[in-house]
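Open the model in your viewer and keep the residue selection tool at hand. The stops below are meant to be followed in order.

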Amino acid sequence: MSAAPVSDSAERFHEAWARLLSADHGIAIHPGLLGRLVARTAGLLHRAQQEEPFEPRLAAQAGAELVDAHFTDPVLLARAVELLQAQPSGDERGPALTGAFAAGWAAALRERTLREQEAIRTAADAARKEAERALRASEARFRALFESAAIGIGIGDTDGNILAVNKALQELFGAGPEDMTGRRVGDLVHPEDTPGVWEAYEDLISGRREYFQIDKPYYRQDGEVVWTHLTVSLIRDDDGVPQYQVAMLEDITDRYRLQERLRHQATHDPLTGLPNRAAFFERLEKLFEEPEPGARFGLCYVDLDGFKVVNDSLGHDTGDQLLAAVAARLKAALTPLGHLVARLGGDEFVVLLENCRGEQEAVAAAKTVLKALAGPVLIGDHKLAVGASVGVLERRVSTTTPGAAVRAADLTLYRAKEAGRGRWTLFDPKENARAVSRYAVSVRMPAALDRGEFFIDYQPLYALADGRLAAVEALVRWRHPQLGVLGPDEFVTTAEETGLIMPLGRWVLEQACGQAADWIKRFGDAAPQLNVNLAVRQARSAALVTDLARILDGTGLDPARLQLEITESTVVGPEDEALRTLHGLVDLGVSLAVDDFGTGWSNLAYLRDLPVSGLKIAGSFVGDLHDPAKDESTGWRIVSGLVSMSHALGLTVTAEGVETLKDAERLRTIGCDWAQGWHFGRPVRPGEIARRIAEEPQGRPVQGRPLRGRPAQG
């Protein structure tokens, strides 16, 4: 039977909506006004359900307009939610539409309540002052307001002693006057109170702020928890000295529980009860907000093998029961281990390991997934064998982003499926970079430059001896319309293989040199040196010297303020043709440095013959110092040896991947010249670099000039 036309569905909803608002809610409203309200709010809800993309703002506006028209009865909200949930949506918009409508209604109601509270607070304050000026002439009016207020009001002194409470507050706490009067505010601490509550309270009673508002739970006299919207205001005497504090508490327990239910619906999959995609990404992104140095995490990306066959042969109802059973098994097996299990959609699940202790723990979680799904699942009369493939990712938080991590785990999953299914496969950085690069380059990169999809961030390099901003490294990014922001590791390799690195490399040099010249024009010698990476194919191009000379001339950048970074694989021997290009670059006046030293086959003898003046120790050397499986003292001896060797060759040494002050201080004591890493700053936009330059202390030696050999000591 075919679905009814959209217009019929909208008309039925309009009629039901009109009946709902016309019911007795204790509101007197003219029929004409009511008709216009029904038409406007029903129209907003219908538009919210139909528009592409989904617009939660329209549904929230409908809820707010009901409150503005005095439809504030919670029973009305509950019936409206039931009516909206009963509407056919055809997709997953039903819960989102309902949540947006209820959120708009609750927000508007809260704003209205806050206005009423502010009016009460203002009236109470005005009444108190009038009473003092008129020798208590208006005490009766203030007392009437205090006692008859619909919200709980308590008065205390600045020492925290509760002096008086009104009847509404006594009822809120289920207590009598003797239970409240004489107690201290500090006795009302709740375990869920955050430190910020009491910091704000201390600021208030000390006179540093006039009021604060917060949603806060309390224990009633009978032990039950009541949630309140608390507003605490400071009352001063005529001389401005803090005298009293007035607390106004509104019981929001029902609203809080409704919001919690709505939040649970918005963040959990209705079929399996597991956290959904939104909740998973919210949890994942929190790991990246302020990670501890060396913090690690793991992902197990799970996809059921042959699930489509079950859906096609036994029907979607059986498929849904199978998904629910799989979710229950995964939750039972992995949640006790402290791991988050979420459903991303379809037959895809993900396991998040926070504070992962290494690859072994991530692999163990993947094995637990396969073991949990090893036995058949009984659905009705069917015993269904369910298998899964798992892509396993385990990384340091500082080496990736949430989006890149999920993409990498997803690509690893498909490698597991290609390998035969029913197994786990561990993330391989080279395979991942190759897969991302192939897709990105083949689909988008040839025209990406013309579309303006590339941009450059700059990572600061600091001199360890005096803490000055010595240089910035230009790092190209690709704002891919489908894949998000990609780092160079995800597209440069394939760009080299296809030859597209040549126009991209020229563009990076032009943009970065122009930016560096602008900083020099604005800040003079305080501007930092510019470091730009050269791809292997660029360094082997005979046209590079000519291109760079043209760029330097066009931007006006002094060659001495530019350092080009090459990899160890750029030159493979003393007869390599790339040496001619490198010498030509140095003849222009720029300097060269070897980047990521130690990650490849490092022939130390070649360093002596290369026209380089700097060496950058790969970040893996510093990162491994925090690996509990490796000896830290040996790691530091290796780093110290690299620094000494480089200085013996007359090279400036930069350490990459420095994440802590302790590592920075240790590197300084062993003579390392410069350092970069998260401790000194992540790659940022040019405006942030300009701000740092402007904040650099004045009166230091000329900054930003490339160091030829080891700088003078002392």
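The tour goes from sheets and helices to salt bridges and ends at a single loop residue.

**Before selecting anything**

The model is predicted, so local features are given only at pLDDT of at least 70 and side-chain atom pairs only at pLDDT 80 or more, while totals for chains, interfaces and linings use all residues. Residues are numbered from 1 along each chain as its sequence is written, and side-chain values use heavy atoms, with hydrogens and water left out. Helices (H or I, at least four residues) and strands (E, at least two) are DSSP runs numbered from the N terminus.

**Stop 1: the antiparallel sheet**

Select β1 to β5. They form an open sheet in the order β2-β1-β5-β4-β3, with antiparallel pairing; two strands pair if DSSP finds at least two bridges between them. At the edges are β2 (162-165) and β3 (211-219), each of which pairs on one side only. On average, neighbouring strands of this sheet are turned by 25 degrees against each other, direction ignored. Angles here run from 0 to 180 degrees between N-to-C directions, and axes are lines fitted to C-alpha atoms, for helices over the stretch in contact.

Now narrow the selection to β1 (residues 152-157) and β2, an antiparallel pair joined by 3 bridges. To find one bridge, pick G156: its partner in β2 is I162.

**Stop 2: helices on that sheet**

Add residues 195-205, helix α9, which packs on the sheet and touches β3, β4 (225-236) and β5 (242-251). The direction of α9 makes about 130 degrees with that of β3. Contact means heavy atoms within 4.5 Å. Then add residues 253-267: this is helix α10, lying across β4 and β5 and running at about 125 degrees to β4.

**Stop 3: the mixed sheet**

Hide the previous selection and show β6, β7, β8, β11 and β12. These 5 strands form an open sheet with mixed pairing, ordered β7-β8-β6-β11-β12. Its edge strands, β7 (340-345) and β12 (424-426), each pair on one side only. The average turn between neighbouring strands in this sheet is 20 degrees, direction ignored.

Within this sheet, β6 and β11 run antiparallel and are joined by 10 bridges. As a marker, label V302, which stands opposite V390 in β11. Helix α11 (residues 277-287) lies across β6, β7 and β8 (348-354), at about 25 degrees to β8.

**Stop 4: a helix pair**

Select residues 307-334. How far apart are the axes of α12 and α13? Helix α12 (residues 307-314) and helix α13 (residues 316-334) pack with axes 6 Å apart, at an angle of about 140 degrees. The two are therefore oblique to each other (under 35 degrees counts as roughly parallel, over 145 as roughly antiparallel, 65 to 115 as roughly perpendicular, and the rest as oblique). Show side chains for F307, V310, N311 and L314 of α12, and for H316, T318, G319, L322 and L323 of α13, which make the contact.

**Stop 5: salt bridges**

A search of the whole structure finds 33 salt bridges, a salt bridge being a side-chain nitrogen of Lys or Arg within 4 Å of a carboxyl oxygen of Asp or Glu. Three are worth displaying.

- D215 and R110 meet at 3.4 Å, N to O. D215 is in strand β3 and R110 in helix α5 (residues 93-133), so the pair ties together parts 105 residues apart in sequence.
- E394 and R296 meet at 2.7 Å, N to O. The pair links β11 (residues 387-396), which holds E394, to β6 (residues 296-305), which holds R296, 98 residues apart. E394 counts as buried at 6% relative accessibility, whereas R296, at 30%, is partly exposed (buried is under 20% relative accessible area, exposed over 50%, partly exposed in between, with a 1.4 Å probe and protein chains only).
- R685 and D457 have their closest N and O atoms 2.9 Å apart. R685 lies in the loop between β21 (674-675) and α27 (686-695) and D457 in strand β13 (residues 454-463), so parts 228 residues apart in sequence are tied together. R685 is partly exposed at 42%, and D457 is buried at 9%.

Next, select E473, E565, K616 and E656, which salt bridges with shared partners join into one network.

**Stop 6: a loop residue**

Finish at T181, in the loop between α8 (177-180) and α9. T181 is partly exposed, with a relative accessible area of 38%. Leaving aside neighbours within four places in sequence, T181 is in contact with I162 and L163. For a distance check, T181 and A328 are 51 Å apart, C-alpha to C-alpha, and 147 residues apart in sequence.
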